Amino acid sequence: MTFREALKTKDFVLTAQLNLADAPDRETLIDQGDILRSAIDAVQLTESKEPHMSGIAAAALLIRQGIDPIVHMNCRDRNRIAMQKDLIGAAALGVTSVVVTRGAKIPHSNKIGVRNVYDTPALEFMLYIQGLNQDESQPLVSGLLIGAHAELFEPDADWTPNNLIRKCDAGANFVQLQVCFDLDVARSYMARIVASKLTHRTTFLMALSPLPTADAARWVRDNVKGALVPDAVIDRLQRARDPEQEGIRICAELLREMTTIPGVSGANLLSLGKLESIPAAIEASGVRSS
């Protein structure tokens with residue numbers, strides 16, 4: 001079953017982020033996919049600033065193993081012609097879902113000689129994919145799901161989700177929300193999304209992680225843009241005799257609670273420790289068997 005099919009048939013969809021920087025070769029990549037396959041509906045292949053295997057190459061290898069990939073494409077690294085070629089190539093390999101992002105800017109001091117491209121805004125490229133989806137002369141790309149990113153926050157009383165409306169107008173079929181361990185904020189945010197009727201137009205996935213240590217939780221809080229990690233989560237990890245198992249328990253509890261938030265249709269899990277912690281958290285949550 002693909003992610004596209006899971007969105008149609010399952011009440012709560014699960015994906016997991018596969019870190020390509022930790023998969024330098026084919027065998028390691030397939031091993032990581034095997035760890036995740038029984039617990040999730042698809043793997044998300046994100047693009048980082050560091051050199052790593054191409055997401056499209058990784059997708060081709062995973063598809064051969066019966067694992068559905070969601071390929072992330074950012075506008076930072078290539079111009080529109082390269083993005084168009086990559087998209088059509090991905091579709092030809094059997095990719096059915098992509099996430100289009102702007103991509104975080106690479107500081108000039110970080111990589112000497114590396115340039116930020118940003119030839120095409122993410123919204124513009126989403127519109128390009130939407131056009132291909134609607135073009136009967138392009139059957140290869142027909143039905144390709146378009147994903148977008150958004151950050152969770154406590155909305156003001158007069159807030160309207162204009163940016164998300166524009167992404168839906170550009171064809172976004174699903175929205176990947178940022179890491180959130182504060183479900184009170186998530187409920188307030190999603191209540192406004194539901195009220196705006198955007199859940200009639202697109203699907204929302206929240207993000208979580210089985211954090212292995214309190215230091216990892218602080219790093220996410222301080223370094224991942226838009227991440228919400230309350231002090232209570234950090235304190236709980238700090239006090240735990242086995243922080244890794246406590247992180248799995250916290251993730252499982254929040255994952256179970258996420259299924260009760262109106263408008264949330266799934267979750268994306270990422271690991272800052274052992275990849276096995278993701279299926280462990282899913283199993284402990286019970287959401288896959290419900």
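What follows is a short tutorial on reading a few features of this predicted model.

User: Let's start with the sheet. In what order do the strands close into a barrel, and in which sense do they pair?

Analyst: The general idea is that strands of a sheet pair through backbone hydrogen bonds, either parallel or antiparallel. Here, eight strands close up into a barrel, going S1-S2-S3-S4-S5-S6-S7-S8, with parallel pairing. On average, neighbouring strands in this sheet are turned by 30 degrees against each other, if you ignore direction.

User: Can you zoom in on one pair? How many bridges join S2 and S3?

Analyst: Three bridges, in the parallel sense, join S2 (residues 42–45) to S3 (residues 69–74). To find your place on screen, pick Leu45, which has Val71 of S3 opposite.

User: Now the helices. Which strands does H5 lie across?

Analyst: H5 lies across S3, S4 (97–101) and S5 (145–150), and runs at about 150 degrees to S4.

User: And how do I read the packing of H4 against H5? At what angle do they cross?

Analyst: Roughly 40 degrees, with the axes of H4 (residues 80–93) and H5 (residues 122–134) coming within 12 Å. Angles under 35 degrees would count as roughly parallel and 65 to 115 as roughly perpendicular, so H4 and H5 are oblique to each other. The crossing is right-handed.

User: Which residues of H4 and H5 meet?

Analyst: From H4 you get Arg80, Met83, Gln84, Leu87 and Ile88; from H5, Glu124, Phe125, Tyr128, Ile129 and Leu132. By type, that contact of H4 with H5 splits into seven nonpolar, one polar and two charged residues.

User: Let me try H10 and H11. How far apart are their axes, and at what angle do they pack?

Analyst: The axes of H10 (residues 243–258) and H11 (residues 277–285) are 8 Å apart, and the helices pack at about 50 degrees. H10 and H11 are therefore oblique to each other, and their crossing is right-handed. On the H10 side, look for Ile248, Cys251, Ala252, Leu255 and Arg256; they meet Ser277, Ala280, Ala281, Ile282, Ala284 and Ser285 in H11. This contact holds eight nonpolar, two polar and one charged residue.

User: Last one, a backbone oddity. What is the phi of Lys197?

Analyst: As background, most residues other than glycine have a negative phi. Lys197 has a phi near 70 degrees, a positive value in a non-glycine residue.

User: Where does Lys197 sit, and is Lys197 buried or exposed?

Analyst: Look in the loop between H7 (183–195) and S7 (203–208). Lys197 has 52% relative accessibility, so this residue counts as exposed.

Conventions:
Residues are numbered from 1 along each chain as its sequence is written. This is a predicted model: local features need pLDDT of at least 70, side-chain atom pairs count only at pLDDT 80 or more; totals for chains, interfaces and linings use all residues. Side-chain values use heavy atoms; hydrogens and water are left out. Axes are lines fitted to C-alpha atoms, for helices over the stretch in contact, and angles run from 0 to 180 degrees between N-to-C directions. Helices (H or I, at least four residues) and strands (E, at least two) are DSSP runs, numbered from the N terminus. Angles under 35 degrees count as roughly parallel, over 145 as roughly antiparallel, 65 to 115 as roughly perpendicular and the rest as oblique. A crossing is left-handed if the near helix is turned anticlockwise from the far one by less than a right angle, and right-handed if clockwise. Contact means heavy atoms within 4.5 Å. Ala, Val, Leu, Ile, Met, Phe, Trp, Tyr, Cys and Pro count as nonpolar, Asp, Glu, Lys and Arg as charged, and the others, Gly among them, as polar. Buried means under 20% relative accessible area, exposed over 50%, partly exposed in between (1.4 Å probe, protein chains only). Two strands pair if DSSP finds at least two bridges between them.
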